[in-house]
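Dear colleague,

I am passing on the structure we spoke about, together with some notes on what was found in it. Please read the notes with the coordinates open beside you.

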Amino acid sequence: MSSKRPVSPGAEEILGSYFPVLDHGFVALVDYMGTDECIERAARVSYGYGTRKASLTRGLLRYLRRHLHTTPSEMLELKFHCCMPMFIARQWIRHRAASVNEYSGRYSLMPMLFYTPSAEQLQTQSRTNNQGRSGTPVSPEKYAESVARWNEIRRLSRGAYEQMTSEDMARELARIDLPLSTYTQWYWKIDLHNFLHFLKLRVDRHAQWEIQEYGRVLAGMLKRVAPHSYEAWIDYDVCGARVSRMELDAMRRLVQVKDGAVVAQPGSLSAADLEGLGLAKRELVEFLQKLEPASTPDFELDLGQAKTAEWFADEFQKAVPKVDKLPE
């Protein structure tokens with residue numbers, strides 16, 4: 001039976017496929033409502049559906065993104081099934097404009113799956129970013145010692161959890177000392193406007209690496225659901241930049257425009273010239289970073305990595321503690 005609703009062929013190809021993230025996590029697109037054409041249709045509602053020209057879809061969506069007309073993008077929604085360590089879930093849930101239903105440790109037994117960073121990712125503290133890592137991995141000896149400590153903490157936490165649940169103690173209390181590395185999962189539904197804001201922050205290089213990994217997979221799914229919206233987001237949000245009044249003043253000294261045309265390129269700006277524009281030291285650093293050459297990211301999904309829902313369900317079931325007696 002063919003569907004009467006708008007369908008995205010790229011989304012249909014991955015619908016229900018589970019893409020691994022980190023060591024035990026995943027993201028799956030389980031449903032979506034709308035396509036690029038639906039955003040255009042909503043934006044053109046004043047003109048009536050009959051006047052819509054499909055050839056103008058890309059141009060209109062880029063115009064909407066460029067001028068921050070976000071309401072039409074709220075007409076497209078995406079629903080995901082996601083699994084992540086609890087400390088990533090706590091960052092994720094800060095984006096409040098979504099519908100969330102999380103795995104219940106009060107109702108179900110928690111799978112004993114824990115996130116372990118790779119040796120490459122266990123790094124020293126950054127000296128310039130108080131909430132990030134430096135980019136320099138710790139020594140192999142320190143990494144091995146850290147993994148041993150994590151494993152011991154998890155062994156004790158798991159032992160306490162399994163002992164209490166096996167003796168019919170309430171699950172809602174048995175879980176309270178499980179570490180933040182424990183995996184949880186949820187269904188997460190969000191409209192495109194809020195999704196693009198989430199992605200902009202979570203694929204940014206300043207975000208924690210682990211949530212960047214989720215952001216990259218989610219962005220790849222967006223590319224399949226709404227390719228024109230994805231392209232505009234890349235061009236105006238990911239690779240674009242906001243500029244201040246002083247930054248515009250700096251650029252006007254390099255490029256003069258009259259009647260819509262460039263009339264002169266006076267030369268270069270010295271550091272003193274830039275400081276004289278009123279930019280604070282950190283603003284100046286960030287302005288220069290905006291002007292540095294940067295490659296355009298491509299969040300294309302590797303379809304060969306996808307697994308079935310049954311595969312992950314089996315892996316999680318293996319990690320659920322075995323108890324002799326379950327509460328009524």
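**The sheet and what packs around it**

Strand S1 (residues 18-21) and strand S2 (residues 25-33) run antiparallel and are joined by four bridges, and I should say at once that the model in which they are found is a predicted one. Within this pair, Pro20 stands opposite Phe26 in S2. The two strands S1 and S2 form a hairpin with three residues between them, and in the turn Leu22 has a positive phi of about 60 degrees.

On from the hairpin, S2 is joined to strand S3 (residues 77-85) by seven bridges, and these two strands again run antiparallel. Two of the facing positions may help you to find the register: the bridge partner of Ala28 in S3 is His81, while Asp31 stands opposite Lys79 in S3.

S3 in turn is joined to S7 by nine bridges, with the two strands running antiparallel. Here Cys82 stands opposite Trp186 in S7, and the bridge partner of Pro85 in S7 is Tyr183. Strand S4 (residues 99-102) also pairs with S7, in the antiparallel sense and over four bridges, and Asn101 is the residue that stands opposite Tyr187 in S7.

Taken together, these pairings give an open sheet of five strands in the order S1-S2-S3-S7-S4, with antiparallel pairing. S1 and S4 are the edge strands, each of them pairing on one side only. On average, neighbouring strands of this sheet are turned by 20 degrees against each other, with direction ignored.

How much of S3 and of S7 is buried? In S3, seven of the nine residues are buried, and the strand is mostly covered. In strand S7 (residues 183-191), seven of the nine residues are likewise buried, so S7 is largely enclosed by the rest of the structure. Helix H7 (residues 192-202) lies across S3 and S7, and runs at about 130 degrees to S7.

**Helix H2 and Ser73**

The next region to look at is helix H2 (residues 36-43), in which Asp36, Cys38, Ile39 and Glu40 are buried. The buried residues of H2 pack against three helices, namely helix H3 (57-66), H7 and helix H9 (227-238). H7 therefore appears in two settings, since it lies across S3 and S7 and also takes part in the packing against the buried residues of H2, where contact is counted for heavy atoms within 4.5 Å.

Ser73 is found in the loop between H3 and S3. Is Ser73 buried or exposed? Its relative accessible area is 8%, and because buried means under 20% relative accessible area, Ser73 counts as buried. Leaving aside the neighbours within four places in sequence, Ser73 is in contact with Ile39, Leu192 and His193. Of these, Ile39 is one of the buried residues of H2.

**The chain as a whole**

The protein chain has 13 helices and nine strands, and its C-alpha atoms fill a box of roughly 80 × 60 × 35 Å, taken along the principal axes. Of the 328 residues in the chain, 37% are buried. Among the contacts with a separation of 6 or more, 74% are accounted for by residues 24 or more positions apart.

As for the surface, the protein chain exposes about 19600 Å², and carbon and sulfur atoms supply 52% of that area. The chain carries 43 positive and 42 negative charges, and the mean positions of the two sets are 4 Å apart.

With best regards

Technical notes. Residues numbered from 1 in each chain as written. Predicted model: local features only at pLDDT ≥ 70, side-chain atom pairs only at ≥ 80, totals over all residues. Heavy atoms only, no water. Pairing = 2+ DSSP bridges. Buried < 20%, exposed > 50% of the residue type's maximum accessible area, 1.4 Å probe, protein only. Areas by Shrake-Rupley, 256 points an atom, 1.4 Å probe, with all protein chains shown as cover. Lys, Arg positive; Asp, Glu negative; His and termini not counted. Charge placed at Lys NZ, Arg CZ, Asp CG, Glu CD. Axes fitted to C-alpha atoms, helices over the stretch in contact; angles between N-to-C directions.
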